[in-house]
Amino acid sequence: MSTWKILLLAGDGIGPEIMAEARKILDWMNAEGIASFEMEEGLVGGAAYDVHKVAISEDDMRRALSADAVLFGAVGGPQWDDVPYDARPEAGLLRLRKDLELFANLRPAICYPALADASSLKRELVEGLDILIVRELTGGVYFGQPKEIVTLQNGEKRAVDSQLYFEHEVDRVARVAFDLARTRRNLVHSSDKKNVMVTGVLWDEVVRRVHAQDYADVELQHILADNCAMQLVRQPKQFDVIVTDNLFGDILSDVAAMLTGSLGMLPSASLGAADESGRRRAMYEPVHGSAPDIAGQGKANPIAMIASLGMMLRYSFDMGDWADRVDAAIADVLAQGVATADIATEGARIISTSEMGDMILEALKKQAT
Ligand code: IPM
Ligand code: MG
């Protein structure tokens with residue numbers, strides 16, 4: 001059995017609470033001899049700033065680069081609102097994505113049957129929903145230069161962010177989307193704003209070229225990003241895989257999250273390119289943030305974190321069978337009529353973060369026998 005090195009970066013707010021629930025599962029898998037995980041813990045975000053005055057230390061960056069996978073909680077909180085921009089909590093997350101070259105961000109949105117009524121949309125619109133957003137993660141306006149605020153001669157300030165894309169950046173993320181579509185319903189919607197942005201024109205051109213060259217068997221549809229947001233709340237089940245840039249992917253995945261009942265439900269995988277041995281750098285994190293308003297109260301929903309762990313088993317450790325079991329354990333617990341506050345529908349018994357974690361672990365144990 002191979003030993004996998006996992007770096008745990010719990011971060012801020014509810015990060016440590018939800019990470020503790022993921023850890024229960026990893027510890028159990030180790031104890032049962034199902035896997036051999038070597039876990040290390042590091043600091044990121046405000047937690048790193050408080051100790052090192054940066055959003056992630058060089059030492060933790062080195063450990064992230066040498067780990068087989070990084071499991072990430074959440075970063076940010078009002079107590080760091082005034083720290084220098086380059087040291088703000090989110091900078092730690094962005095540096096990890098950039099330096100690990102995690103260009104493909106997979107954000108699946110699945111509506112569990114027990115949660116169809118927790119969605120803000122009608123049950124019939126979301127029941128059985130299973131879509132996958134593939135968000136480009138290391139380019140676009142998040143990282144484009146120049147990115148600055150300058151004071152003009154007349155004293156007025158001007159701010160600029162730069163949206164830019166290289167062909168190879170679009171090419172590689174498009175391939176990830178098409179490959180994944182082949183394992184699903186074989187449909188890709190590519191989303192951009194080519195009606196107003198030249199990055200969108202290039203995006204669409206490259207996606208079409210990759211499609212024609214290597215993926216003609218997959219159905220490809222183009223959709224403008226604003227229309228995509230609208231269609232996601234109008235008729236979400238028309239989608240299978242949506243591939244889009246960094247900023248639109250950020251926004252569209254929050255929309256998709258609410259279809260599933262709560263932002264607390266959405267996991268994600270951020271993947272780099274595969275090396276010769278087929279291994280990829282990877283980081284797994286819930287899509288939601290650090291929720292400072294409920295931090296430390298045992299109210300956080302650990303499901304997105306635990307489902308992210310499931311994605312790690314699938315994409316980094318070739319343990320798809322165990323990933324399926326983790327997903328089934330989550331569905332099993334939800335079907336028992338319990339919920340954290342964010343996903344509670346009428347009649348559900350509200351339980352704490354750790355109770356939810358414990359119940360999922362118990363359900364996983366049952367799956368295993
Ligand atoms: C996300 C988050 C991040 C992003 C923030 C925390 C920087 O919203 O992962 O969706 O904008 O990418
Ligand atoms: Mg976001």
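1. Start at Gly337, which follows helix α11 and has a positive phi, near 80°. Keep in mind as you look around that this is a predicted model.

2. Now step back into α11 itself, which runs over residues 320-335. How far apart should its ends be? With 16 residues at 1.5 Å a residue, the helix should span 22 Å, and the end C-alpha atoms are indeed 22 Å apart, so the two values agree.

3. Next, which residues of α11 are buried? They are Trp322, Ala323, Val326, Ala329, Ile330, Val333 and Leu334. If you look down the axis of α11, these buried residues fall within an arc of 130°, so they line one face of the helix.

4. What lies over that buried face? The cover includes three helices, α1 (15-31), α10 (303-315) and α12 (353-368), along with the strand β13 (338-339). It's worth displaying these elements together with α11 when you check the buried residues listed above.

5. Moving elsewhere, have a look at Ser253, which sits in helix α9 (residues 246-259). Is Ser253 buried or exposed? Its relative accessible area is 0%, and buried means under 20%, so Ser253 counts as buried.

6. What does the side chain of Ser253 do in there? It makes a polar contact with the side chain of Arg107, at 2.8 Å. The Ser253 side chain also reaches a backbone atom, the oxygen of Gly249, at 2.7 Å.

7. Leaving aside residues up to four places away in sequence, Ser253 touches Arg107, Ile133, Leu266 and Val287. Arg107 is a handy link to the next site: besides touching Ser253, Arg107 is one of the residues around ligand 1.

8. So to the ligand. Which residues are around ligand 1? You'll find Glu90, Leu93, Arg97, Arg107, Arg135, Tyr142 and Asp250 there. Helix α4 (residues 89-99) gives the largest share of this shell, with three residues.

9. Some of these neighbours have polar side-chain atoms close to oxygen atoms of ligand 1, and the distances are easy to check. For Arg97, a polar side-chain atom lies 2.7 Å from a ligand oxygen. For Arg135, an N or O atom of the side chain is 2.9 Å from an oxygen atom of ligand 1. For Tyr142, the corresponding distance between a side-chain N or O atom and a ligand oxygen is 2.6 Å. As for cover, ligand 1 taken alone exposes 320 Å², and the protein buries 78% of that.

Definitions and conventions. Residues are numbered from 1 along each chain as its sequence is written. Chains are lettered from A and ligands numbered from 1 in the order in which they are written. This is a predicted model: local features need pLDDT of at least 70, side-chain atom pairs count only at pLDDT 80 or more; totals for chains, interfaces and linings use all residues. Side-chain values use heavy atoms; hydrogens and water are left out. Helices (H or I, at least four residues) and strands (E, at least two) are DSSP runs, numbered from the N terminus. The expected span of a helix is 1.5 Å times one less than its number of residues. Buried means under 20% relative accessible area, exposed over 50%, partly exposed in between (1.4 Å probe, protein chains only). The arc is that of the directions from the helix axis to the C-beta atoms. Contact means heavy atoms within 4.5 Å. A polar contact is a pair of N or O atoms within 3.5 Å; within protein, one must be able to donate a hydrogen and the other to accept it, and residues adjacent in sequence count only if both atoms are side-chain atoms. A residue is near a molecule or strand if one of its heavy atoms lies within 4 Å of it. Accessible areas come from the Shrake-Rupley method with a 1.4 Å probe; for residues, only the protein chains shown count as cover.
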